[in-house]
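Reader: I'd like to learn how to read a model like this one, feature by feature. Could you walk me through it?

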Amino acid sequence: MANLTINGKTINVDVEDDTPLLWAIRENVGLTGTKYGCGIALCGACTVHVDGVAMRSCGMTVSEAVGKQITTIEGLASNGALHKVQQAWIAHDVPQCGYCQSGMIMAVAALLKEKPKPTDQDIDEAITNICRCGTFQQVREAIHAAASA
Amino acid sequence: MNQHVMPKLNRRAFVIGAAAAGAGLAIGLDIPFGGPQVVRAADGSPEVNVWVVIRPDNTTVIRVARSEMGQGTLTGLAQLVAEELECDWSKVITEYPTPGQSVARKRPWGDFSTGGSRGIRSSQEYVRKGGATARMMLVQAATNEWKVPASECTAANSVITHTPSGRTTTYGKVVEAAAKLTPPADADVKLKDPKDWKIAGKGVKRLDTVDKTTGAMIYGADFKLPGMLNAAIKDAPVFGSKLKSYDEAKIAGMKGVKKVVKVGDSAVAVVADTWWHAKTALDALPIVWDEGENAKVSSESIAKWLAEGLDNSQPAFIGNQNGDAKAAIASAVKKVEAVYNYPYQNHATMEPMNATALYTPDKCEVWCGTQNGEAAFAATLEASGLPAEKCEVHKLILGGGFGRRGMTDYVRQAVLIAKQMPGTPVKLLWSREEDMAQGKFHPVTQCKLTGAFDADNNLTALHVRLSGQSILYTVRPAALVNGMDTAAFQGLSPSGDAAFGYSVPNLLVEHSMRNPHVPPGFWRGVNVNQNAIYMECFMDELAHSVGQDPVEFRRKLMSKHPKHLAVLNAVAEKIGWGKPAPQGVYRGIAQVMGYGSYVAGAAEISVTDGSKIKVHRIVASTDPGYIVNPAQVERQIAGSFVYGLSALFYGGCTVKDGKMEQTNFDTYNSMRIAEMPKVECVMVPSGGFWGGVGEPTIGVAAPAVLNAYFAATGKRIRSVPLKDQNITFA
């Protein structure tokens, strides 16, 4: 049993303490926008915000997440408006298969919070998510567009 | 902006599927007196024909039989139907027909298979006719009402106008009447000249983007049914071996575990309340495998066997020949020879394989991402033992395909598990480790190439001897031609959609087929990948061996192949071939034909310490005949370099003790944004034919970079991946 605060709501989840946050979010809370890709914190498909910082939720346990503000892709929009990163993603038609894009968008949203006008080098260092379709060219364009939005 | 409709479809499919097992697209038939049957969609709106459903508010539902896996086919096919239909594009949504409905209605949507870059090119004509036919019926319905000739009416944006009177009506108003009309004869359906296209040919936005940015899109891995359980599976890691035993008692008390089941004769699955519980218990389950002889196979033993196939004394299939290459080489003034190889590769779709199945003795339903709905349906029939009318497959959006999801092993497993738990829906999801272990791998090959020159440095002969695995031998044996896998010669064929682009007086291209026990599959680009590396790097070697410029050298051999030459020239010009490159930057170039399209690529790279490569810029050109959505073609081309260069730098799956050594992205890495070069596309659609887009460009990615590496270092790389030679991205 653990109380998790996800997208502003506190939810009691009946899981073992060492359950990866990813699986608690997907299976116990039922938010499937956060994806499973590798389970070893390498691909970034499971990226969420924990107290505003981009974290790979497959590599973090539920007990480590207790008491923290967790934001998933479903909670990124606010007051009925999509986040500027999501808006830039739509304007630049970024996703192909789309499976990695939740994690990519969460990683980018956290980057822009820290560095509102990232350089290409900032992007290279901060965005390490895998995309097998190869959307990187549009991802970079959309990051710069969101930064100047 | 268009409605982003797939999730709505999915949600509805879910509701229908859960509430009334077996309900498909059509829920009823109207049989009016004296007229044809009207087939209605789930919401009651009539079909004008199988491709087009129109709602009273003019919402146009376009049916798409091919699968969307990121390549944009869903949007492209909808554009083609909408172009001829003359409907309001802003009111277009799409919907997948189901394979069960297709069988019941005698395959009105044709082939569902989505591979070989065929999504658009092999269905464009009949889907355009579907749109045109529906438009003619809608206009006819209006003219019947107005009692005017159809020739006085025009249609645009879902509005029909009687030009002389200015009277108008909408598709939504006449659709009920149109649906009752007899369709025009096929010969009376005229398609537009592509130069008159208004929706097709334009870079309109994808129809599925919004839900892919909000987390709302439901992939197979996300699918849920009430009361559903979750399964994790382990199949025999030594390919072709068997499951001997497992000790169920060891995990009996583990949380959430409901059942441990044998799946076929080679796999075991744990079914639990959550997938995390199922996976945790499976990892703790002691399993004994009956590994057999295949456990002795290694990458080294495979390489040795393939190397023997390079010897001319061994039998081989001849894929392309003219003149007498062996004799010309034997008597040549100058001879150049090189041996290349290409490893196994895993598709590594971001979404691991998965399928959800619900079995009862009266019905078996499957929900999954698949590149081949009809093959998934056939697998469902076979595994369930039920007849077609008692089976259904509901297709979901794919988290990547690249050829892997054309296979149905995961569908079969899901049904075999569900069959042991009648009435309980079970979602089978592979771990990444299972996905890496149980791939359908890009085949392993080697290639020996020999070129001969006369005294004036003209290329007089070329002998290309391939040795290695055939995909068709295992996957589609009926497609072999007298034992020969013609697809093994992709890019090197005498004619067809993967034709060789050079004229050499004496040519011999042959294949010594050697099939190791590792299961092969169609991996985005398929045999174009290695054949383009072999041929295009060797072309570079030949050019340098006689001191000629690689582009000039190629041009001399390409005069009879103007379309191949046109894309080569396009990239050469755009990248500035022949002009000085920036300080420290070196160029390489490659061309190939595959999937009916002509492609070329050029790379600008710099190399540090001989081992760190920075790819600065790529120029890529493609001639696919026609382009339905240039924005998506551009994305497919850029993405092709990510797939092709990931394989070149980081890829390669190796066999030890009969099984794959790579287990996850730590041992099978993939390019990140920092490594992504700028990709510039030059599209030169020349018309008159329809080629594919998703795959051919991958072929030129690796050789363009390898040839640039030679230009930079003087060192020729003939083996993939580069990580094995301690070469990496800078």
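Reader: Let's start with a pair of strands. In which sense do strand β22 and β23(B) pair, parallel or antiparallel, and over how many bridges?

Author: Happy to help, and please keep in mind that this is a predicted model. Strand β22 (residues 459–468) of chain B pairs with β23(B) in the parallel sense, over eight bridges. To find your place along the pair, look at R465(B), whose bridge partner in β23(B) is E510(B).

Reader: Which way does strand β15 of chain B run against β23(B)?

Author: Antiparallel: five bridges join strand β15 (residues 317–322) of chain B to β23(B). A good landmark here is Q321(B), which stands opposite L508(B) in β23(B).

Reader: What should I look for when I ask which residues of β23(B) are buried on one side and on the other?

Author: The general idea first: in a regular strand the side chains alternate between the two faces of the sheet. In this case both faces of β23(B) are covered. N506(B), L508(B), E510(B) and S512(B) are buried on one side, and L507(B), V509(B), H511(B) and M513(B) are buried on the other. Because eight of the eight residues of strand β23 (residues 506–513) of chain B are buried, this strand is largely enclosed by the rest of the structure.

Reader: Now a whole sheet. In what order do the seven strands of the open sheet in chain B come?

Author: Read across the sheet from one edge to the other: β12-β13-β10-β20-β17-β18-β19 of chain B, with mixed pairing. The edges are β12 (257–263) and β19 (391–395) of chain B, each with a single partner strand, so one side of each has no neighbour in the sheet. From one strand to the next, the twist averages 20°. Inside the sheet, strand β17 (residues 354–360) and strand β20 (residues 426–429) of chain B run antiparallel and are joined by four bridges. There, N354(B) stands opposite L429(B) in β20(B).

Reader: Which strands does helix α7 of chain B lie across, and which does helix α11 of chain B lie across?

Author: For each helix, take the list of strands and then the angle. Helix α7 (residues 275–284) of chain B lies across β10 (229–235), β12, β13 (267–272) and β20 of chain B, at about 30° to β10(B). Helix α11 (residues 409–419) of chain B lies across β10, β12, β13, β17, β18 (363–368) and β20 of chain B, at about 35° to β17(B).

Reader: And a single helix: how many of the twelve residues of α10(B) are buried?

Author: Nine of the twelve are, so α10(B) is largely enclosed by the rest of the structure. Among the buried residues are F377(B), L381(B) and E374(B). Their cover includes α3 (99–104), β17, β18, β19 and α11 of chain B. You can also check the length: helix α10 (residues 373–384) of chain B reaches 16 Å from its first C-alpha to its last, close to the 16 Å expected at 1.5 Å a residue. Just after α10(B), look for G385(B), which takes a positive phi of about 75°.

Reader: Stepping back, into which domains is chain B divided?

Author: Domain 1 (6–201), domain 2 (225–292 + 347–437) and domain 3 (309–345 + 441–729). The C-alpha centres of domain 1 and domain 3 of chain B lie 41 Å apart. Between these two domains, 16 residues of domain 1 of chain B are in contact with 16 residues of domain 3 of chain B. On the domain 1 side, helix α2 (residues 73–85) of chain B gives the largest share, four residues. By class, that side divides into four nonpolar, ten polar and two charged residues.

Reader: How many residues does the contact take from chain A and from chain B?

Author: In general, the size of an interface is often given as the accessible area lost when the parts come together. Here we can count residues: 44 from chain A and 44 from chain B. On the side of chain A that touches chain B, α6(A) gives the largest share, five residues. That side has 21 nonpolar, 16 polar and seven charged residues.

Reader: Lastly, what is the order of the five strands in the open sheet of chain A?

Author: The order is β2-β1-β5-β3-β4 of chain A, again with mixed pairing. β2 (9–13) and β4 (53–56) of chain A stand at the edges with a single partner strand each, so one side of each is left without a neighbour in the sheet. α1(A) lies across β1 and β2 of chain A, at about 85° to β2(A).

Definitions and conventions. Residues are numbered from 1 along each chain as its sequence is written. Chains are lettered from A and ligands numbered from 1 in the order in which they are written. This is a predicted model: local features need pLDDT of at least 70, side-chain atom pairs count only at pLDDT 80 or more; totals for chains, interfaces and linings use all residues. Two strands pair if DSSP finds at least two bridges between them. Helices (H or I, at least four residues) and strands (E, at least two) are DSSP runs, numbered from the N terminus. Axes are lines fitted to C-alpha atoms, for helices over the stretch in contact, and angles run from 0 to 180 degrees between N-to-C directions. Two residues are in contact if their C-beta atoms, placed from the backbone, lie within 7 Å. Ala, Val, Leu, Ile, Met, Phe, Trp, Tyr, Cys and Pro count as nonpolar, Asp, Glu, Lys and Arg as charged, and the others, Gly among them, as polar. Domain bounds come from an automatic or database domain assignment. A residue is buried if 20 or more other C-beta atoms lie within 10 Å of its own, exposed if 12 or fewer, and partly exposed in between; C-beta atoms are placed from the backbone. The expected span of a helix is 1.5 Å times one less than its number of residues.
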